[in-house]
Amino acid sequence: MIVKNEWILEPMKRKKIFVLGDSGVGKTSFISRILNQNQHESYDPTIGIVIRNGVIDEKDRIIFAEFWDFSGNPIFHQALGPEWFVNVDVLIFMADLSNTTSIQDLKRWFELAGVTSRISEHRPIIILLNKADIVPRNTVKEIFSTQLVRSLTSRCNEIIPISVKDEMSIQHVRQTLANSIDNTSKTFTRSFQFLRRQLQLSQY
Ligand SMILES: Nc1nc2c(ncn2[C@@H]2O[C@H](COP(=O)(O)OP(=O)(O)OP(=O)(O)O)[C@@H](O)[C@H]2O)c(=O)[nH]1
Ligand SMILES: [Mg+2]
């Protein structure tokens, strides 16, 4: 596509979304799910960092997302420094509801990302507590009432229990992301969706 006036592409600027959390909590699976890409049941640990681009469709809004999927393996932690978080639009911290250590470790991930104790005014922070499908509902409630999770609420914009596997609350996360970083006009989104449908129909 040739566009003479670069500002036309302004709404298409990618949004940098950094995802952090312990190994195995479901970060890579979550990114695949939210981008409607293939899911793999088997665990394939992320090595170092993987950056994945994709489009998040939220009804009449579109986000051109760039997910930074950082390995949960501690051998890579030392590599993390403030330079990684320059221009981050949203920070997502993830833990596994069935793994208490991964919830406790969120505080360490906050530190590694350089997040101070107060909510950042400029970049939304979302905590996702995954694998709700393997934890009884009562346990989820209990976890939410613990001192640890209550103390985290003041450090983020939202804490959402999800199940990547069962697609629980994934739509809610899409909405939250769209509300946090939406800068595309509805008209542009409609045109983009139309263009994409045409491309799919004509199987380009
Ligand atoms: N039961 C259940 N399993 C899940 C869910 N989400 C992911 N998993 C499984 O958890 C395992 C780890 O998922 P990954 O997405 O690879 O975890 P990760 O956080 O990217 O791990 P690292 O790359 O090592 O940091 C995989 O076997 C997934 O299939 C979920 O919502 N429920
Ligand atoms: Mg991974």
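## Strand pairing and the sheet

Strand 1 pairs with strand 3 in the parallel sense, over 5 bridges. Within strand 3, Trp68 is the bridge partner of Phe18. The model is predicted.

The sheet is open and has 6 strands, in the order 2-3-1-4-5-6. Its pairing is mixed. Strand 2 (49-58) and strand 6 stand at the edges. Each has a single partner strand, so one side of each is left without a neighbour in the sheet. On average, neighbouring strands are turned by 25° against each other, direction ignored. Helix 1 packs on this sheet and touches strand 1, strand 2, strand 3, strand 4 and strand 5. The direction of helix 1 makes about 160° with that of strand 3.

## The strand 6 edge

Strand 5 and strand 6 run parallel and are joined by 4 bridges. Glu158 in strand 6 is the bridge partner of Ile126.

In a regular strand, side chains alternate between the two faces of the sheet. Strand 6 (residues 158-161) shows such alternation. Ile159 and Pro161 point to one face and are buried. Glu158 and Ile160 point to the other face and are not buried.

## Overall layout

The chain holds 7 helices and 6 strands. Along the sequence, they follow the pattern β-α-β-β-β-α-α-β-α-α-β-α-α. Of its 204 residues, 28% count as buried. Among contacts with a separation of 6 or more, 76% join residues 24 or more positions apart.

## The nonpolar core

In soluble globular proteins, nonpolar side chains tend to be buried together. Here the largest nonpolar core has 39 residues. Val19, Ile92, Phe93, Met94, Leu106, Ile127 and Leu128 touch the most other members. At least two core residues come from each of strand 1 (15-21), helix 1, strand 3 (61-70), strand 4 (90-96), helix 3 (106-112), strand 5 (125-130) and helix 6 (170-181). Strand 4 gives the most, with 6 residues.

What does Ile92 touch, not counting residues up to four places away in sequence? The list is Ile17, Phe18, Val19, Ile126 and Leu128.

## Around ligand 1

Ligand 1 is surrounded by 23 residues. The closest are Gly26, Thr28, Ser29, Thr46 and Gly72. Helix 1 (residues 27-34) supplies the largest share of this shell, 3 residues. By class, the shell has 12 polar, 6 charged and 5 nonpolar residues.

Helix 1 thus appears in several places. It packs on the sheet, supplies at least two residues of the largest nonpolar core, and contributes to the shell around ligand 1.

Notes. Residues are numbered from 1 along each chain as its sequence is written. Chains are lettered from A and ligands numbered from 1 in the order in which they are written. This is a predicted model: local features need pLDDT of at least 70, side-chain atom pairs count only at pLDDT 80 or more; totals for chains, interfaces and linings use all residues. A residue is near a molecule or strand if its C-beta atom, placed from the backbone, lies within 6 Å of it. Ala, Val, Leu, Ile, Met, Phe, Trp, Tyr, Cys and Pro count as nonpolar, Asp, Glu, Lys and Arg as charged, and the others, Gly among them, as polar. A residue is buried if 20 or more other C-beta atoms lie within 10 Å of its own, exposed if 12 or fewer, and partly exposed in between; C-beta atoms are placed from the backbone. Two residues are in contact if their C-beta atoms, placed from the backbone, lie within 7 Å. A nonpolar core is a set of buried Ala, Val, Leu, Ile, Met, Phe, Trp, Tyr and Cys residues joined through C-beta atoms within 7 Å. Two strands pair if DSSP finds at least two bridges between them. Axes are lines fitted to C-alpha atoms, for helices over the stretch in contact, and angles run from 0 to 180 degrees between N-to-C directions.
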